[in-house]
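I opened this notebook to record, entry by entry, what I looked up in the model. I begin with the accessibility term, since several later entries lean on that term.

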Amino acid sequence: MKKITTYTVRIALCVLLCYSLQSCYHYRIASAHYDPATTYHHKTVHSFFWGAVQKRTNGIDVVATNCDSLNIHSLDEVRVTTSFGYSLITVASLGIWSPVKIEWKCAKPCPREGDVP
């Protein structure tokens with residue numbers, strides 16, 4: 001039977017510590033009286049070469065197609081999330097590749113007031 005070295009124990013403790021301290025950063029943008037009409041929809045976006053190369057459609061990184069399909073033209077809440085893995089990718093690539101997760105909820109449509117002639 002092989003003898004467990006202190007180096008192996010240290011590596012195992014570092015791995016255990018990395019997994020136990022794993023968490024995410026969240027940034028939420030919403031109004032004080034948010035009232036969403038949908039649950040979270042998400043998309044992971046990638047930025048390359050410190051933001052010089054990004055996939056955009058008409059200057060927009062993420063299009064909320066689910067809101068458009070419901071004929072809702074506003075968002076209720078947006079959440080930007082990065083995790084330990086995404087941060088590790090960003091640091092290991094020196095910022096050349098930086099993924100983040102974008103989540104959003106659609107707002108409820110505004111009620112119509114008055115009668116339409």
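**Entry: exposure and Trp-50.** I take a residue as exposed when its relative accessible area is over 50%, as buried when the value is under 20%, and as partly exposed in between. Trp-50 has a relative accessible area of 61%, so I enter this residue as exposed. I located Trp-50 in the loop between β2 and β3, and I noted that its phi is positive, about 60°, although the residue is not a glycine. I add for context that most residues other than glycine have a negative phi.

**Entry: Leu-94.** I found a second residue to put beside that one: Leu-94 has a positive phi of about 55° and is not a glycine. Leu-94 sits in the loop between α3 (84-92) and β5, and its relative accessibility is 69%, so I count Leu-94 as exposed.

**Entry: confidence.** The model is predicted, and I therefore looked up its pLDDT before reading further into the geometry. The chain has a mean pLDDT of 84, with 91% of its residues at 70 or more. I noted that confidence is lowest in helix α1 (residues 6-20), where the mean is 82, and highest in β5, where the mean is 93.

**Entry: the sheet.** I traced an open sheet of 5 strands, whose order is β1-β4-β5-β2-β3 and whose pairing is antiparallel. At the edges I found β1 (24-30) and β3 (53-54), each of which has a single partner strand, so one side of each is left without a neighbour in the sheet. For the pairings I recorded 7 bridges between β1 and β4, 6 bridges between β4 (residues 75-83) and β5, and 8 bridges between β2 (residues 41-48) and β5, with the antiparallel sense in β1 and β4, in β4 and β5, and in β2 and β5.

I then looked up individual bridge partners. Tyr-27 is matched with Val-80 in β4, Val-78 has Trp-104 in β5 as its partner, and Thr-44 stands opposite Lys-101 in β5.

**Entry: Thr-81.** Which residues does Thr-81 touch, once those up to four places away in sequence are set aside? I listed Cys-24, Tyr-25, His-26, Tyr-86, Val-100, Lys-101 and Glu-103. Thr-81 belongs to strand β4, and its relative accessible area is 7%, so I enter Thr-81 as buried. Two of the listed residues turn up again as bridge partners: His-26 is bridged to Thr-81 in β4, and Thr-81 is bridged to Lys-101 in β5. I also found a polar contact of 3.0 Å that joins the side chains of Thr-81 and His-26.

**Entry: the disulfide.** How many disulfides does a search of the whole structure find? I obtained 1, formed by Cys-67 and Cys-106, with their sulfur atoms 1.8 Å apart. The angle about the S-S bond is -95°, and the link of Cys-67 and Cys-106 is left-handed. Cys-67 lies in helix α2 (residues 65-69) and Cys-106 in strand β5, so the pair ties together parts that are 39 residues apart in sequence. Are Cys-67 and Cys-106 buried or exposed? I recorded both Cys-67 and Cys-106 as buried. I also checked Cys-14, whose relative accessible area is 46%, and which I therefore enter as partly exposed.

**Entry: the nonpolar core.** I looked up the largest nonpolar core and found 8 residues in it, namely Val-45, Val-62, Ala-64, Cys-67, Ile-72, Ile-102, Trp-104 and Cys-106. Strand β5 (residues 97-106) gives the most to this core, with 3 residues. Both cysteines of the disulfide are thus members of the core. Leaving aside the neighbours within four places in sequence, I found Ala-64 in contact with Leu-75 and Trp-104. As general background, I note that nonpolar side chains tend to be buried together in soluble globular proteins.

**Entry: what I carry forward.** I close with β5, which takes part in pairings with β2 and with β4, gives the most residues to the largest nonpolar core, holds Cys-106 of the disulfide, and has the highest confidence in the chain, at a mean of 93.

How values were computed
Residues numbered from 1 in each chain as written. Predicted model: local features only at pLDDT ≥ 70, side-chain atom pairs only at ≥ 80, totals over all residues. Heavy atoms only, no water. Core = buried A, V, L, I, M, F, W, Y, C linked by side-chain atoms within 4.5 Å. Buried < 20%, exposed > 50% of the residue type's maximum accessible area, 1.4 Å probe, protein only. Helix = DSSP H or I, 4+ residues; strand = E, 2+ residues; numbered from the N terminus. Contact = heavy atoms within 4.5 Å. Disulfide = S-S within 2.5 Å. Pairing = 2+ DSSP bridges. Polar contact = N/O pair within 3.5 Å; in protein donor to acceptor, adjacent residues only side chain to side chain. pLDDT = per-residue confidence, 0-100.
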